[in-house]
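Me: I'd like to go through this model and ask what lies behind each label. Please show it first.

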Amino acid sequence: MTRKFNDAMGTHPITVTEAIYSRRSVRHFTDEIVDSELLTTLLKAAAQAPTAMHEEPCAFSVIQDQGLLHRISNEIKEAILATRSDKSTFSQNAIKIVQTKGFEIFYNASTLVLICGKFPGRFVEADCWLAAENLMLAAYSHGLGSCVIGFAVDILNTPEWKSELSIPEGARVIAPIILGKPSTFTPKIDRKPPEILSWKSLSLENT
Ligand SMILES: Cc1cc2nc3c(=O)[nH]c(=O)nc-3n(C[C@H](O)[C@H](O)[C@H](O)COP(=O)(O)O)c2cc1C
């Protein structure tokens with residue numbers, strides 16, 4: 001069965017494996033707002049991810065205000081363009097994309113979720129990224145598209161934005177993820193097969 005818009009809902013319940021293989025970053029959305037009940041379900045799924053020492057260091061910030069998202073997007077674009085001469089910060093391709101007329105860092109998605117680490121710690125980043133993958137797979141299984149927006153991390157961690165978004169001083173934005181109803185089908189990007197560096201097992205010949 002062909003799935004319109006990579007939309008898992010309305011066809012049949014999907015397995016975790018199906019979600020893992022079918023989820024793709026979505027960058028085209030309808031205006032439909034993700035309702036708070038569904039969003040709460042997705043945040044709960046994110047919070048089910050494992051965390052080192054069961055410390056549960058992740059907290060979430062949700063932005064569903066288009067004006068605010070546009071303002072953050074403009075500030076990020078300015079900051080990226082200001083690094084133009086420093087070739088080590090962003091690739092020329094990234095600069096070119098940001099310069100495209102009308103380009104929005106958050107692709108006009110209705111919702112931005114910021115997964116934040118509440119305190120510093122050796123595995124806090126890992127914990128937040130695991131929560132991020134849970135969030136994206138759960139979103140996919142509910143017919144929503146998602147995309148990590150790494151471009152947003154630096155600006156969102158400035159004291160000004162943290163204060164505006166009520167993110168405590170000691171916390172840090174780690175994974176910004178947009179969510180929304182996809183407006184187009186996103187084709188799959190093939191992955192390389194897993195590169196195995198070593199695989200040691202007891203050979204029967206040695207027994
Ligand atoms: C850490 C991280 C940062 C990313 N940042 C961006 C971003 O700023 N903008 C964007 O459009 N996509 C971003 N992506 C999405 C990747 O481009 C995308 O995952 C990759 O091309 C593979 O495509 P797929 O997710 O559809 O399989 C990011 C992904 C990751 C994991």
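Reply: Start with area. Accessible areas come from the Shrake-Rupley method with a 1.4 Å probe. On that basis the protein chain exposes about 12800 Å². Carbon and sulfur atoms supply 56% of that area. Keep in mind that this is a predicted model.

Me: What is the secondary structure of the protein chain?

Reply: The chain has seven helices and four strands. From the N terminus, the order is α-α-β-α-α-β-α-β-α-α-β. Of its 207 residues, 42% count as buried.

Me: Why is Met53 called exposed?

Reply: The cut-off for exposed is over 50% relative accessible area. Met53 has 76% relative accessibility, so Met53 counts as exposed. Met53 sits in the loop between α2 (36–46) and β1 (58–63).

Me: What makes the phi of Met53 worth a look?

Reply: Met53 is not a glycine, yet its phi is positive, about 55 degrees. Most residues other than glycine have a negative phi. Tyr107 also has a positive phi, about 50 degrees, and is not a glycine. Tyr107 belongs to the loop between α4 (92–99) and β2 (111–117).

Me: How do you know that Tyr107 makes a polar contact with the ligand?

Reply: A polar contact needs a pair of N or O atoms within 3.5 Å. A polar side-chain atom of Tyr107 lies 2.5 Å from a ligand oxygen, so the pair qualifies.

Me: Which atoms of Gly150 and Arg191 face the ligand at polar-contact distance?

Reply: For Gly150, a polar backbone atom is 2.9 Å from a nitrogen atom of the ligand. For Arg191, an N or O atom in the side chain is 2.7 Å from an oxygen atom of the ligand. The ligand has 620 Å² of accessible area on its own, and the protein covers 64% of that. In total, 13 residues surround the ligand; Ser25 and Arg27 are among the closest.

Me: Why is Lys162 said to have no salt bridge?

Reply: A salt bridge needs a side-chain nitrogen of Lys or Arg within 4 Å of a carboxyl oxygen of Asp or Glu. The nearest side chain of opposite charge, Glu169, is 7.4 Å away, so Lys162 has none. Lys162 is nevertheless buried. Its place is in helix α7 (residues 159–164).

Me: What lies 2.7 Å from a polar atom of the Lys162 side chain?

Reply: The backbone oxygen of Ala171 does. Lys162 also touches other residues, including Leu156, Asn157, Ile167 and Pro168.

Methods: Residues are numbered from 1 along each chain as its sequence is written. This is a predicted model: local features need pLDDT of at least 70, side-chain atom pairs count only at pLDDT 80 or more; totals for chains, interfaces and linings use all residues. Side-chain values use heavy atoms; hydrogens and water are left out. Helices (H or I, at least four residues) and strands (E, at least two) are DSSP runs, numbered from the N terminus. Buried means under 20% relative accessible area, exposed over 50%, partly exposed in between (1.4 Å probe, protein chains only). Lys and Arg count as positive and Asp and Glu as negative; His and the chain ends are not counted. A polar contact is a pair of N or O atoms within 3.5 Å; within protein, one must be able to donate a hydrogen and the other to accept it, and residues adjacent in sequence count only if both atoms are side-chain atoms. Contact means heavy atoms within 4.5 Å. A residue is near a molecule or strand if one of its heavy atoms lies within 4 Å of it. Lists of a residue's contacts leave out its neighbours within four places in sequence.
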